[in-house]
Amino acid sequence: MKAMRIVTLVFAMVICGSTAYGQEYKEFTLPPAPKREVSVLMQQYLQSGKEDNLTLAGLQYKKYVTEHRGIRMMAAYGNYRNFERPFAIKISPDTNSSRGVDTTMEYNGRTNIHLGIIGAGVEVQRRFYKKVILFAGLELRGGYGSGSYDTVTTRRYNDNQKGVYESGTLGQRLNASMIYLGLMPSVGAKLQFKRLVVGAELTGVDISFRSIRVEGGNRSGVADVSLGNVTHRLFFGWRF
């Protein structure tokens, strides 16, 4: 009888210990890793003197369907500036031999458009080292906006007495509107903490279509596939 009591006591202790271990294990189970990101973005060309320049500021949202694959969406407000190369050059020969002045006239067009842009795409990522994540994305975006178009006339004088000097005249400013479509492949890296994420991405491929209409004129469309125009996007956000 005494042996039976001892066996019963040991069995009860084992059952209670297993139950307590199971409760303790469940209590310290780690929560699932965040699968969504919301961040503030800023994007611009690295070449400050580029003739076509689109700068953006806005928000982007990412959701990872698996550990390595996800979708992304963005909404931003931007400014498009374009300074055309001379579309017309006029040379006036010297008509006064005593003064010796030749005049060159250049006509340049300037476009300044403020527009809203939305986009969506896909993204893949891999952990490179601890909190450093490398990723690649493909984003399709479109937008519409309005602004102005004007011309600049530059007169360059070649004077035998005074040397070369020039003067500029600003033409009439006209209202303009633009429809924009673009495809952006990119690669990047980010520091991913428990909740905070900070990163940057680069692209050297500019695939876009711009349809611009100037007041009193026809709409003109330009398709552009350009390599080497490096654009960078910086973002700072929150994981949840």
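The accessible surface of the chain comes to about 15,400 Å² in this predicted model. Carbon and sulfur atoms account for 63% of that surface. The chain has 240 residues, and buried residues make up 34% of them.

The chain contains 1 helix and 10 strands. Read along the sequence, the pattern is α-β-β-β-β-β-β-β-β-β-β. The helix therefore comes at the start of the pattern, and strands follow. Contacts were also sorted by separation along the sequence. Among contacts between residues at least 6 apart, 66% join residues at least 24 apart.

Charged side chains were examined next. Side chains of opposite charge can pair when their charged atoms come close. In this chain the count comes to 10 salt bridges. Three of these pairs are described below, each with its place in the strands.

Lys62 forms a salt bridge with Glu123. Their closest N and O atoms are 3.1 Å apart. Lys62 lies in strand E2, which spans residues 52-64, and Glu123 lies in strand E5, which spans residues 101-129. The pair therefore ties together parts that are 61 residues apart in sequence. Lys62 has a relative accessible area of 1%. Glu123 has a relative accessible area of 3%. Buried means under 20%, so Lys62 counts as buried, and so does Glu123.

A salt bridge also joins the side chains of Arg72 and Glu139, with an N to O distance of 3.2 Å. Arg72 belongs to strand E3 (residues 69-83), and Glu139 belongs to strand E6 (residues 132-159). These two parts are 67 residues apart in sequence, so the pair ties together distant stretches of the sequence. Arg72 is buried, and Glu139 is buried as well.

Glu201 pairs with Arg233 in a further salt bridge. Here the closest N and O atoms are 4.0 Å apart. Glu201 is part of strand E9 (residues 196-214), while Arg233 is part of strand E10 (residues 219-239). This pair therefore ties together parts that are 32 residues apart in sequence. Glu201 and Arg233 are both buried.

The three pairs do not stand alone. Lys62, Arg72, Glu123, Glu139, Arg141, Glu201 and Arg233 are linked in a network of salt bridges. Arg141 is thus a member of the network too. Strands that hold members of the network include E2 and E5, E3 and E6, and E9 and E10.

Methods. Residues numbered from 1 in each chain as written. Predicted model: local features only at pLDDT ≥ 70, side-chain atom pairs only at ≥ 80, totals over all residues. Heavy atoms only, no water. Helix = DSSP H or I, 4+ residues; strand = E, 2+ residues; numbered from the N terminus. Buried < 20%, exposed > 50% of the residue type's maximum accessible area, 1.4 Å probe, protein only. Contact = heavy atoms within 4.5 Å. Areas by Shrake-Rupley, 256 points an atom, 1.4 Å probe, with all protein chains shown as cover.
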